[in-house]
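Hi,

Here is the structure I said I would pass on. Have a look at it first, and then read my notes underneath.

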Amino acid sequence: MKQTILVTGGTGFIGSHTTVELQQAGYNVVIVDNLSNSKIEVLDGIEKITGVRPAFENVDLRDKEATENVFKKYPAIEGIIHFAASKAVGESVEKPLLYYRNNIVSLINLLELMPQYGVKGIIFSSSCTVYGQPSPENLPVTEAAPIQKALSPYGNTKQINEEIIQDYIHSGAQIKSIILRYFNPIGAHPSAHIGELPNGVPMNLIPYVTQTAIGIRQQLKIFGNDYNTPDGTCIRDYIYVVDLAKAHVAAMGRVLDQETDPVEIFNIGTGTGVSTLEVVEGFERATGVKVNWTYAPRREGDIEKVWGNVDKANNVLGWKADTPLDDVLLSAWKWQEKLREDGVM
Ligand code: UD1
């Protein structure tokens, strides 16, 4: 058995898939989640896949005493993967203080407790949102591209948290960190035991596509067909959540077991830009299911095009996203069908 890892937000979309990959790589996982945007049944899904039910603590990381009790209860924790955060862009504009408190206080509490409890490394979930709209010469965007002013409080919490980690380590704190900047995570575990569970009307493309395909939503709107892209729709770098989860396993091994710089940053994507229209067409091809869609006006605040240069993750982390998009889209569909079967939606 390898080290014990604390996964915050471990019942969430990316957290649950990462827990599975960590367990399958031999790590012992303790999940902390306040279930504010996930369900306890996710633990059943994880257990079905790996045969091991991870330890679970229903704790709000804003509560420092409760958080400290987790480290007291599990003294073997050596590493943290910190997913727990609020992530709805629109809501963050309406409730900025909620976002600042949730996303920033939680990280500060963890960082303060790490040296006290001998926790050596933390992997932080950041986002390509820190790049804003990169200028054309910066596409695909590398880790060295300039950080641009955040367009929302949510995006700002990612930038601030990256700076907090760097400032803390530069001050001499005896911890290490790897910051992962994700592009657009999509799909579900091939077993369909875990996947994404959006709350209410989905904001993100893939859940909207699968919910339209299954008849929960009447029609998908493709926001904007007059962008400066080959087919006029926006371009993103869609990364399979299972590939993304594996990047965390690689990062954890690196941060705990290798001599490296105390803070490192990696883009985690496929390196390929795909348009919204290509996603919808790809979904229909991969599943054989038609999606009722129409063009609609641009969505405010949308980035026109962004995709990652992922050479650093490929070469230094020794990790590569290699699942074909059609398989990824099929996994999202299987998950949607499973939700229907189970009567969830
Ligand atoms: C969004 C967030 C980003 C966050 C990321 C997390 C915004 C503006 N950005 O990114 O900060 O880090 O989610 O996953 O919310 N689309 C449609 N119709 C839909 C939904 C989406 O055409 O019903 C298009 C969007 O215009 C976009 C693409 O699909 O071009 C992807 O959208 P989405 O899944 O919301 O991701 P992002 O906007 O990239």
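A quick word on terms before the ligand: I call a residue near the ligand if one of its heavy atoms lies within 4 Å of it. Please also keep in mind that this is a predicted model.

**The ligand**

With that cut-off, 19 residues surround the ligand, and the closest are Asn184, Lys221, Arg236, Arg299 and Asp302. Three of these come with polar distances you can check on screen. Lys221 uses its backbone: one of its polar backbone atoms is 2.7 Å from a nitrogen atom of the ligand. Arg236 uses its side chain, with a polar atom 2.5 Å from a ligand oxygen. Asp302 also has a side-chain N or O atom 2.5 Å from an oxygen atom of the ligand. On its own the ligand has 740 Å² of accessible area, and the protein covers 85% of that. As for which elements build the shell, helix H7 (205-214) and strand S8 each give two or more residues. S8 gives the most, with 4 residues.

**Thr233**

Next, the loop between strand S8 (220-223) and strand S9 (235-236), which is where you will find Thr233. Is Thr233 buried or exposed? Its relative accessibility is 0%, so Thr233 counts as buried. The side chain of Thr233 makes a polar contact of 2.7 Å with the side chain of Asp231. Beyond its neighbours within four places in sequence, Thr233 touches Ile222, Gly224, Asn225 and Tyr227, along with Ser275, Thr276, Leu277 and Tyr295.

**Cysteines**

How many disulfides are there? The count comes to 0. The cysteine sulfur closest to that of Cys128 is in Cys234, and at 12 Å it is too far away for a bond, given that a disulfide needs the two sulfurs within 2.5 Å. Seen from the other side, Cys234 is in no disulfide either, and its nearest cysteine sulfur is that of Cys128. Both residues are covered: Cys128 is buried at a relative accessible area of 9%, and Cys234 counts as buried at 5%.

**Helix H1 and His17**

Helix H1 runs over residues 13-24. Its 12 residues should span 16 Å at 1.5 Å a residue, and the end C-alpha atoms are 17 Å apart, so the two values agree. H1 is mostly covered, with 11 of its 12 residues buried. Among the buried ones are Phe13, Ile14, Val20 and Leu22, but also Ser16, His17, Glu21 and Gln23. Just after the helix, Gly26 takes a positive phi of about 100°.

His17 deserves a look of its own. This residue sits in H1 and is buried, with a relative accessible area of 1%. A polar atom of the His17 side chain lies 2.7 Å from the backbone oxygen of Phe13. Leaving out neighbours within four places in sequence, His17 is in contact with Ala188, His189, Ile194 and Gly195, and also with Val241, Val242 and Ala245.

**Backbone oddities**

Most residues other than glycine have a negative phi, and most peptide bonds are trans. That is the background for the three spots below.

- Leu139 and Pro140 are joined by a cis peptide bond, with omega at about -5°. Pro140 is in the loop between strand S5 (121-127) and helix H6 (153-170).
- Leu35 is not a glycine, yet its phi is positive, near 55°. You will find Leu35 in the loop between strand S2 (28-32) and helix H2 (42-50), and with a relative accessible area of 25% Leu35 is partly exposed.
- Ala192 also has a positive phi, of about 60°, without being a glycine. Ala192 lies in the loop between strand S7 (184-186) and H7, where Ala192 is buried with a relative accessible area of 6%.

If you want a place to begin, try the ligand shell, and start from S8, which gives 4 residues to it.

Cheers

Conventions. Residues numbered from 1 in each chain as written. Predicted model: local features only at pLDDT ≥ 70, side-chain atom pairs only at ≥ 80, totals over all residues. Heavy atoms only, no water. Buried < 20%, exposed > 50% of the residue type's maximum accessible area, 1.4 Å probe, protein only. Polar contact = N/O pair within 3.5 Å; in protein donor to acceptor, adjacent residues only side chain to side chain. Contact = heavy atoms within 4.5 Å. Expected span 1.5 Å × (residues − 1). Areas by Shrake-Rupley, 256 points an atom, 1.4 Å probe, with all protein chains shown as cover.
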